[in-house]
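Grab a coffee and keep the viewer open. Here are some exercises to work through, each followed by a solution.

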Protein chains: 2
Amino acid sequence: MREPAVTLKDVAKLAGVHPATASRALNLETRLLVSEATASRVLAAAAELGYQPNAVARSLRTRRSNTVGVLVPDLTNPLFPPMVRGLADRLESHGYVALIGNTDGDDARGRRVFEQMRARHVDGYVLATAHLHDPLLEDAGRAGVPVVLMNRVAANEDFPAVTVDNESGVRLAVQYLVGLGHRNIGCIAGPQDVSTGLARYHGFQSAMTDAGLDMADEWLAFARSFSIDEGYRCARQILAAGGRCTAVAAGNDMLAVGCYRALDEAGLSCPGDLSVVGFNDMPFIDMLRPPLTTVTFSHQQVGAQAADLLIERLNGGTGPAKVVYVAPELIIRGSAARYP
Amino acid sequence: MREPAVTLKDVAKLAGVHPATASRALNLETRLLVSEATASRVLAAAAELGYQPNAVARSLRTRRSNTVGVLVPDLTNPLFPPMVRGLADRLESHGYVALIGNTDGDDARGRRVFEQMRARHVDGYVLATAHLHDPLLEDAGRAGVPVVLMNRVAANEDFPAVTVDNESGVRLAVQYLVGLGHRNIGCIAGPQDVSTGLARYHGFQSAMTDAGLDMADEWLAFARSFSIDEGYRCARQILAAGGRCTAVAAGNDMLAVGCYRALDEAGLSCPGDLSVVGFNDMPFIDMLRPPLTTVTFSHQQVGAQAADLLIERLNGGTGPAKVVYVAPELIIRGSAARYP
DNA sequence: TTGTAGGCGTTATCAC
DNA sequence: GTGATAACGCCTACAA
């Protein structure tokens, strides 16, 4: 039933050469070490037998695997699939395959997957899960494995990273709300231990200050994760605080969706009773009721750039870590209205 | 900079035993072959050095990898992330890690990823990409690697599989439309070379026949993929055909979303001008405008069951392939209205 | 109970 | 240019 795999030795025998020679002929880098004639004989033999090199054995010998570990905090957040796609496409075109791991925001799980990947000799990592101060990053740094951060950055800039300019993005959103006449603006901030949560909150603060507006504590809530549930919880908290909060800036679209749910449940309307802006412009968010006004950027591009940064490292590139900031753009849809 | 990895030999030396003994002490299965005392000495040494077994070497030796290859047609379809999550969770609890590959509906790409995974010695596959007649499946069968199908099944029932009962699901949806008074019901069918597309179309046909209704060719369109774009194209085609089609059953939610877009663009309203029902109840579909009436089932459960079926095979289970059908349920929301 | 030896499939480093 | 040999790190008969 189970056909024994054809190995290099088989190819060599059929071609009438030594396995080492066959190996040289089969690898582009070493093919020039071998005579034209034998090379083609080996290639023919390989084709005839349907030879597929055993990646595991090769990896053991070469200590490389042409494999990249990708850690994502939450695949069910539609933001990430396009990013992963941009990343995997680019990696693939350079001969690498991406191993995707979902951590569900669980650090312990993230570490397990990370170690598993290391045990499998991944050549590098792309982490979309980084905390500001992340022990995983220190370990990775110590192990000397190239690491690139995606979507999030770390507190120190030791690692190459790609992210949207979060602060500017939120400023765009808040300025827009202010321009619509809003003065009492609340904020559902994301987790403050990851860069996206922190930077967006900072952007909110500075935009409010610039506009000469005060931030009311009761209209400020911190989500423990970028999830719909947490957005819902925070929105209820802000709603319960009462007062005349007329607009809310959410730390990302998932939180904004949670906010929609809270409004629905309270019999309130968006943007009639409350204007809402999000961040990320994730897929499908334009089809909600109302379509969400949010901050957009190219997710695929973030992934592709992360791949580029990693490949640079994998090719031996050194020097200071590049941190790439992708430009955000406000995309105006229907979730924010003029006030009064 | 790069610390040399600690190996079994290091552990053995520190514990003052032979590497073979260390190996036995470290593996649960063989630990009983070693004296209590030395076992704990080895374990202590391993802990002290932070020993992590080299999975590549182990895999080369044992021809197993505790690794499962998962092929998904489109990660950006929100249906799949929860499935993958249910699958990965269950696999992980049995000591396996899932390698996720996205094929983007591209067969050639799917094959490349499949081969890559095979070269990495995955112990089995979970394929959500299967065509009715899929050469990949034959190859896999010949190679003797356990394969389980997820979401889709193959034409022959040689492979264990988990899927929702597509035919019944669509019948539920069509019966509902009929109950609302619709007589002129169209269909945006999915690709007919995959089981979901075919079975749902069959369900549509039989439900129409049972209801004593005729299917009009001009209100029938076949999508080339389960994508928003194709749903849009098909909906425009049906709209252009004119006549009095008052309801449409879409092959899945992505197609229904495309249908929404076509209606929007034509200045038509749903469900006012056209009732629409979908299939899958994918995440976020309940928040669209209008919330989609669709056929639901537990995505995580499909993934978890697929994992169970595979694990059974991996544990040497044999016998005829089980095909598990998960029960569908109609979930009524706002996209279908009474007619007239 | 522990040590020895061999090999999984490749590739790198020697010789020839 | 090609062949022989060793080694990557681990596991497992077999021997002691």
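The exercises below go from the whole chain to the DNA, then to a helix pair and single residues.

This is a predicted model, so local features need pLDDT of at least 70 and side-chain atom pairs count only at pLDDT 80 or more, while totals for chains, interfaces and linings use all residues. Residues are numbered from 1 along each chain as its sequence is written, and chains are lettered from A and ligands numbered from 1 in the order in which they are written.

**Exercise 1. Describe the overall build of chain A.**

Step 1: take the inventory. Chain A has twelve helices and twelve strands; these are DSSP runs numbered from the N terminus, with helices being H or I over at least four residues and strands E over at least two.

Step 2: look at the dimensions. Along the principal axes, the C-alpha atoms of chain A fill a box of roughly 85 × 45 × 35 Å. The radius of gyration of chain A is 25 Å, where a compact globule of 340 residues would come out near 20 Å. That radius is taken over C-alpha atoms, and the globule rule is 2.2 Å times the number of residues to the power 0.38.

Step 3: check burial. In chain A, 52% of the 340 residues count as buried. The cut-offs: buried takes 20 or more other C-beta atoms within 10 Å of a residue's own, exposed takes 12 or fewer, partly exposed is in between, and C-beta atoms are placed from the backbone.

**Exercise 2. Work out what chain A brings to its meeting with chain B.**

Step 1: count. 38 residues of chain A are in contact with 38 residues of chain B, contact being C-beta atoms, placed from the backbone, within 7 Å.

Step 2: find the elements. Those giving two or more residues to this side of chain A include H4, helix H5 (80-92), strand S2 (97-102) and helix H6 (107-119).

Step 3: sort by class. This side of chain A has 23 nonpolar, eight polar and seven charged residues. Here Ala, Val, Leu, Ile, Met, Phe, Trp, Tyr, Cys and Pro count as nonpolar, Asp, Glu, Lys and Arg as charged, and the others, Gly among them, as polar.

**Exercise 3. Which residues surround each DNA strand?**

Step 1: start with DNA strand C. It has 25 residues around it, the closest being A:Leu8, A:Asn54, A:Ala57, B:His18 and B:Ala20. A residue counts as near if its C-beta atom, placed from the backbone, lies within 6 Å of the strand.

Step 2: name the elements. Helix H2 (19-26) and helix H4 (55-62) of both chain A and chain B give two or more residues each to the surface near DNA strand C. H4(A) gives the most, five residues.

Step 3: go to DNA strand D. It is surrounded by 27 residues, with A:Thr21, B:Leu8, B:Ala20, B:Asn54 and B:Ala57 the closest. H4(B) supplies the largest share of this surface, five residues.

Step 4: put the classes in a table.

| Surface near | Nonpolar | Polar | Charged |
|---|---|---|---|
| DNA strand C | 13 | nine | three |
| DNA strand D | twelve | ten | five |

**Exercise 4. How do H2(A) and H3(A) pack?**

Step 1: get the geometry. H2(A) and helix H3 (residues 36-49) of chain A pack at about 90°, and their axes are 9 Å apart. Axes are lines fitted to C-alpha atoms, for helices over the stretch in contact, and angles run from 0 to 180 degrees between N-to-C directions.

Step 2: classify the angle. H2(A) and H3(A) are therefore roughly perpendicular. By the cut-offs, under 35 degrees is roughly parallel, over 145 roughly antiparallel, 65 to 115 roughly perpendicular, and the rest oblique.

Step 3: list the players. H2(A) uses A:Thr21, A:Ala22, A:Ala25 and A:Leu26, while H3(A) uses A:Thr38, A:Ala39, A:Val42, A:Leu43 and A:Ala46. Of these residues, seven are nonpolar, two polar and none charged.

**Exercise 5. Are A:Arg63 and B:His121 buried or exposed?**

Step 1: locate them. A:Arg63 is in the loop between H4 and strand S1 (67-72) of chain A. B:His121 is in the loop between helix H6 (107-119) and strand S3 (124-127) of chain B.

Step 2: check phi. A:Arg63 is not a glycine, yet its phi is positive, about 60°. B:His121, not a glycine either, has a positive phi of about 65°.

Step 3: count neighbours. A:Arg63 is exposed because it has 11 other C-beta atoms within 10 Å. B:His121 has 23 C-beta neighbours inside 10 Å, so it counts as buried.

Notes
Two residues are in contact if their C-beta atoms, placed from the backbone, lie within 7 Å.
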